[in-house]
Amino acid sequence: MEFYSTRGEGPVSGARAIINGIAKDGGLYVPAEFPVITQEELEDMVGLEYPERAAYILNKYLTEFSYEELLSYTEKAYARFDGYPAPLTKVDEGTYIMELWHGPTFAFKDIALTLLPYLLNGSKEKEGEGKKTLILVATSGDTGKAALEGFKDVGNTEIIVLYPSEGVSDMQKLQMITTEGKNTHVIGIKGNFDDAQTAVKKIFASKEMKEKFAEKGYELSSANSINFGRLAPQIVYYFSAYLDLLAEGEIEPGENIDFIVPSGNFGNILAGYYAKRMGLPVKQLVVASNVNNVLTEFFDTGLYDTRRKFHKTMSPSMDILVSSNLERLVYEIMNRESDRVSGLMEELAKEGNYAVDEDTLYDAVPEFLGYYSTEEETKDVINNVYEEYGYLLDPHTAVAVSAYFKFMNDVYDDASAVILSTANPYKFPQSVLSAVSGTEERDAFKAVKKLAGFTGTEVPEDIANLKNKPVLHNLVVEKEDIAEAVLGAIKG
Ligand SMILES: *Cc1c(COP(=O)(O)O)cnc(C)c1O
């Protein structure tokens with residue numbers, strides 16, 4: 001399969017797309033076409049294990065790899081999970097929660113980031129790429145730790161993570177700054193996630209920076225969700241959910257289902273759209289946002305407008321105004337005309353907004369619907385779902401459940417619905433504790449104890465143990481000094 005940039009460049013191989021991360025013209029790599037999985041193939045996949053399902057689907061895109069190569073990667077990656085990587089819980093008739101956080105860092109990003117190092121090293125082999133890799137990551141919280149865990153002590157690789165020093169949860173921050181490994185670097189910045197992401201994009205676009213890294217023997221690559229190697233593994237669990245529902249007799253072959261996805265950079269739900277384009281029977285894709293509701297407005301009106309106040313919320317991994325992966329959807333909405341995409345992205349960079357004609361939007365992607373949840377609503381949902389179903393939601397997943405309720409209220413839909421759960425509640429103990437018990441506790445570890453006491457739920461050992469781990473990364477820099485700090489982190 002060949003890949004093109006959303007802004008025109010290409011074609012390149014899948015392996016090259018993964019190595020480059022982002023195209024030289026600033027665009028995102030997209031497959032030349034959507035490979036199709038037929039209903040027959042789908043039914044044949046029911047009996048496969050998760051790593052086999054993953055290798056099968058990845059192979060449709062990454063055709064330069066053999067199924068066996070991909071399977072060896074997926075088996076190693078998913079062996080790091082505590083049990084099945086994407087288990088479904090039935091919470092009500094026709095309503096399921098898919099927990100994507102049984103990996104090493106308790107967030108859904110592990111599904112892609114445990115696999116990406118294998119895909120990247122495999123891609124370098126395919127392309128005869130001799131240079132060492134420098135992974136540069138901007139994080140709103142969960143990507144950083146998941147990428148650090150994925151790439152820790154991987155040969156010929158250094159990883160630098162930039163995070164907003166005051167914009168992530170205590171647990172997220174501790175998880176990152178206590179990371180061991182000889183090749184890991186974590187830098188706090190005085191700014192928000194968009195500042196971190198903008199800085200990373202600038203470094204990727206800078207010839208001068210690239211030359212400086214090349215002198216040190218490194219080639220830059222990205223582990224952010226703009227990398228196709230991040231997106232592809234996420235397509236798998238949409239299929240897997242469907243296959244599991246088929247296996248359990250909860251749905252009939254060919255029956256349409258809905259997915260509700262807590263969204264930030266738009267990578268997770270975009271993978272659901274790709275799954276649909278590959279033939280998965282998907283009816284509605286519900287984009288759930290917090291009060292940083294730029295995506296809700298886009299799907300309501302066609303206007304994408306970042307000129308608004310940035311809110312810090314209790315779902316920090318969704319505190320994003322520039323959802324990078326939306327560019328891949330805009331490319332489809334624009335009928336794959338890269339000139340029009342480039343024009344819109346230029347407007348976004350210059351004016352902070354762009355608009356797509358409302359009818360065009362609806363005709364092109366009628367499956368998308370957006371809803372957002374206020375902080376108060378999110379808290380109420382955590383509390384109500386705990387009281388009614390005995391199920392403890394993290395704040396990101398609660399935003400999705402809140403969107404699901406609004407969606408059902410708005411357009412009653414009798415299709416089965418899968419709500420994607422993206423984090424373990426103990427990653428955000430203060431907010432969850434406050435929601436279920438009304439107790440305010442500022443100290444994260446005390447909140448963990450109280451939450452466990454109050455709900456009787458299990459605390460992940462690695463979260464409880466964070467308390468005793470030494471801080472290994474304490475550098476915090478001003479926005480203007482990011483490039484210098486990044487260069488300084490890497491020895492020649
Ligand atoms: C990253 C993240 C999200 C948002 O996913 P996107 O792919 O960026 O839309 C939601 N919830 C959690 C817990 C996350 O870590």
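Student: Which residues line the second largest cavity, and what makes a residue a lining one?

Tutor: They are I22, A138, Q197, V200, K201, F204, N224, I226 and S324. Lining residues have an atom within 4 Å of a point of the space, on a 1 Å grid over the protein atoms alone, so each of these nine names has such an atom. Keep in mind that this is a predicted model, where local features need pLDDT of at least 70, side-chain atom pairs count only at pLDDT 80 or more, and totals for chains, interfaces and linings use all residues. Numbering starts from 1 along each chain as its sequence is written, and side-chain values use heavy atoms, with hydrogens and water left out.

Student: Why is this space called a cavity, and what would make it a pocket?

Tutor: In a cavity a 1.4 Å probe fits but cannot get out, whereas a pocket is an open set with protein on both sides within 12 Å along at least five of seven lines. The second largest cavity holds about 60 Å³; such a volume is the space filled by probe spheres set on the points, which are joined across faces, edges and corners.

Student: Which element gives the largest share of that lining?

Tutor: α9, with 4 residues. Helices are DSSP runs of H or I, at least four residues, and strands are runs of E, at least two, numbered from the N terminus. α9 also gives the most to the lining of the largest pocket, 7 residues.

Student: What is the volume of the largest pocket, and which residues are closest to its centre?

Tutor: About 930 Å³. I22, G26, K201, K202 and A205 are the closest to its centre, out of 41 lining residues.

Student: How does that lining divide into nonpolar, polar and charged?

Tutor: Into 20 nonpolar, 10 polar and 11 charged. Ala, Val, Leu, Ile, Met, Phe, Trp, Tyr, Cys and Pro count as nonpolar, Asp, Glu, Lys and Arg as charged, and the others, Gly among them, as polar.

Student: What makes β10 and β15 a pair?

Tutor: Pairing takes at least two DSSP bridges; 4 bridges join β10 (257–262) to β15 (416–421), so they pair, and they run parallel. I260 has I419 in β15 as its bridge partner.

Student: How do you know whether the chain's radius of gyration agrees with a compact globule?

Tutor: Taken over C-alpha atoms, it is set against 2.2 Å times the number of residues to the power 0.38. With 492 residues the rule gives a value near 23 Å, and the chain has 21 Å, so the two agree.
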